Amino acid sequence: EKGYETGEHAPGLKLSGCGAYKAAHHIIKTHAKVWHSYNNTWRSEQQGMVGISLTSGWGEPVDPYNQTDRDAAERYIQFHLGWFANPIYRGDYPEIMKNYVGEKSAQQGLGTSRLPTFSVQEKSYIKGTSDFLGIGHFTTRYVIQKSFPLLQASSYNTDHDLAELVDPKWPAPGSKWLYSVPWGFRRLLNFIKTQYGNPLIYVTENGVSEKVQCTQLCDEWRMDYLKGYINEILKALNDGVNVKGYTAWSLLDKFEWNKGFSERFGFYHIDFKNKNKPRYPKASVDYYKKIISANGFPNRREVMS
């Protein structure tokens, strides 16, 4: 979307209303080809696995008793996660996505939908091409219905007719889009379990950034974030969600898209002004070491001893 709709990221194309859909269409078909290539050539010898990693927030209806809000929250998740996961696990784009983009395309006088279609052969070729689902997750939004006028230029962001809200009480220590909302992760994981047949899940990205450099490397908010989110994954495991592994994002401060080095996700602080780029452990390093050495939250008395 940022590469082919808004042009913020490489390759910088501004193909509003169709660019992101076309790019995603090619990604999904290419992923399936890679999976089949491995399946036919290497699997019998190597016994490996091929999956896909998808990043998605969670959308929560502002009023869970309001059907309009619930429908908007459903569109949020289908236009994010379902866009890629539905073809891979169920054989086609989500119905709600096809309906909304199709209707808006017709209203604009277009002969065909701006959302590409898969042939019958492509649907069967794509369906089932994931041995595991990688999930990147960082944050949650409240969602309400919002209609956009037809006069407005079509875009992926207006196609789903919704607005995203945040609770001002949610902690937001870093990137302006990243609020700490741990309970959203459990709901996302349970959604995946229900929608896609409880696939094997690896959490491939989960973490929080900081904008202001903490000279004492005292990133308490990162420890709070990790504690909250990992605890919700444990709850999801108890719900029966098939989570196999967890990867915190990230080991080191690094280059963050068009934000450069200004947003730091790392456990280790990097001094980018020094030509040797020395690394310094933040407080979260010791905290996370204890979690992974215990494979869970350690008993406080064990940690002290």
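1. Cysteines. In this predicted model, Cys218 has a relative accessibility of 25% and counts as partly exposed, because the buried class is reserved for values under 20%. Cys18 falls into the partly exposed class as well, with a relative accessible area of 23%. How many disulfides does a search of the whole structure find? The search returns 0.

2. Span and bend of H3. Helix H3 covers residues 67–90. If its 24 residues formed a straight helix, the span would be 34 Å at 1.5 Å a residue. The end C-alpha atoms of H3 are instead only 25 Å apart. Where does H3 bend? The bend is at Gly82 and amounts to about 65°. The span and the bend should be read together when H3 is inspected in the model.

3. Ends of H3. At the N-terminal end, Asn66 acts as a cap of H3. One of its side-chain oxygens is placed 2.8 Å from the backbone nitrogen of Thr68. After H3 comes Gly91, and the phi of Gly91 is positive, near 100°.

4. Surroundings of H3. Of the 24 residues in H3, 17 are buried, so the helix is largely enclosed by the rest of the structure. The cut-off behind this count is a relative accessible area under 20%.

5. The largest pocket. The largest pocket holds about 1800 Å³ of space, and 43 residues line it. Which residues lie nearest its centre? They are Glu1, Lys2, His9, Thr55 and His80. At least two lining residues each come from helix H1 (19–41), strand E1 (52–55), H3, helix H6 (156–159) and strand E5 (162–165). H3 gives the most to the lining, namely 6 residues. The helix that bends at Gly82 is thus also the element with the most lining residues.

6. Cis peptide bonds. The peptide bond between Ala10 and Pro11 is cis, with omega about 5°. Pro11 belongs to the segment before H1. A cis peptide bond also links Trp249 to Ser250, again with an omega of about 5°. Ser250 sits in the loop that runs between strand E7 (243–246) and E8.

7. His269. Strand E8, residues 268–270, contains His269. Is His269 buried or exposed? With a relative accessible area of 6%, His269 is buried. Its side chain makes a polar contact of 3.3 Å with the side chain of Arg264.

8. Positive phi at Asp161. Asp161 is not a glycine, yet its phi is positive, near 50°. The residue is located in the loop between H6 and E5. H6 and E5 each supply at least two residues to the lining of the largest pocket. Asp161 has a relative accessibility of 9% and therefore counts as buried, the limit for that class being under 20%.

9. Positive phi at Asn198. A positive phi, of about 50°, is also found at Asn198, which is not a glycine either. Asn198 is placed in the loop between helix H7 (183–195) and strand E6 (201–205). Its relative accessible area of 26% makes Asn198 partly exposed, whereas Asp161 is buried.

Key: Residues are numbered from 1 along each chain as its sequence is written. This is a predicted model: local features need pLDDT of at least 70, side-chain atom pairs count only at pLDDT 80 or more; totals for chains, interfaces and linings use all residues. Side-chain values use heavy atoms; hydrogens and water are left out. Helices (H or I, at least four residues) and strands (E, at least two) are DSSP runs, numbered from the N terminus. The expected span of a helix is 1.5 Å times one less than its number of residues. The bend at a residue is the angle between axes fitted to the seven residues ending there and the seven starting there. Buried means under 20% relative accessible area, exposed over 50%, partly exposed in between (1.4 Å probe, protein chains only). A polar contact is a pair of N or O atoms within 3.5 Å; within protein, one must be able to donate a hydrogen and the other to accept it, and residues adjacent in sequence count only if both atoms are side-chain atoms. A disulfide is a pair of cysteine sulfur atoms within 2.5 Å. On a 1 Å grid over the protein atoms alone, a cavity is a set of points where a 1.4 Å probe fits but cannot get out, and a pocket is an open set with protein on both sides within 12 Å along at least five of seven lines; lining residues have an atom within 4 Å of a point. Grid points are joined across faces, edges and corners, and a volume is the space filled by probe spheres set on the points.
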